[in-house]
Amino acid sequence: EGAGDLEKESVRLLNQGGEVSMEGWKLEDGQGHTYIFPAFTFYGTGAVEIHTRTGTNTTIDLYWGLDQAVWTPGKVIYLRDAQGTLVSRFQVPGN
């Protein structure tokens with residue numbers, strides 16, 4: 001959502017499985033930008049937004065704390081578990 005606009009930019013994850021501890025999981029762009037999840041429980045059939053900008057974490061919104069946008073159309077987002085195994089990938093659509 002909002003790729004390239006720091007105030008609007010976020011990645012929305014949907015959990016279509018069971019409850020999982022996300023601590024140590026990573027969102028990566030393959031170009032050196034990595035968000036590491038804090039202690040966070042992702043509940044089954046839940047959703048969470050990872051905002052690029054600074055903010056206060058809640059149960060449905062997490063904040064990376066960056067001062068520049070990371071995602072651009074065509075870039076691939078990788079989600080890896082705490083052991084580094086690729087769980088999901090998503091290509092940011094064009095505007």
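The paragraphs below go through a predicted model, from its sheet to its nonpolar core and then to one residue, Phe42.

Strands of a sheet pair through backbone hydrogen bonds, either parallel or antiparallel. Here three strands form an open sheet in the order E1-E6-E7, and the pairing is mixed. The edges are held by strand E1, residues 10-14, and by strand E7, residues 61-63, each of which pairs on one side only, and the twist from one strand to the next averages 20 degrees. Strand E6, which covers residues 47-51, runs parallel to E7, and the two are joined over three bridges; on the E7 side, Tyr63 is the bridge partner of His51.

The sheet also leads to the largest nonpolar core, which has 18 residues, and within this core Leu13, Met22, Leu27, Phe37 and Ile50 touch the most other members. Strands E1 and E6, together with strand E8 (76-80), each supply at least two residues of this core. Leu13 shows how such contacts spread along the chain: leaving aside residues up to four places away in sequence, Leu13 touches Met22, Phe37, Phe42, Gly46, Ala47, Val48, Ile50 and Leu79.

One of those partners, Phe42, lies in strand E5, residues 41-42. Phe42 counts as buried because its relative accessible area is 6%, where the cut-off for buried is under 20%. With residues up to four places away in sequence again left out, Phe42 touches Leu13, Leu14, Asn15, Gly18, Glu19, Val20, Met22, Ala47 and Val48. Among these, Met22 is 20 residues from Phe42 along the chain, yet the C-alpha atoms of the two are separated by 6.5 Å.

Notes
Residues numbered from 1 in each chain as written. Predicted model: local features only at pLDDT ≥ 70, side-chain atom pairs only at ≥ 80, totals over all residues. Heavy atoms only, no water. Pairing = 2+ DSSP bridges. Helix = DSSP H or I, 4+ residues; strand = E, 2+ residues; numbered from the N terminus. Axes fitted to C-alpha atoms, helices over the stretch in contact; angles between N-to-C directions. Core = buried A, V, L, I, M, F, W, Y, C linked by side-chain atoms within 4.5 Å. Buried < 20%, exposed > 50% of the residue type's maximum accessible area, 1.4 Å probe, protein only. Contact = heavy atoms within 4.5 Å.
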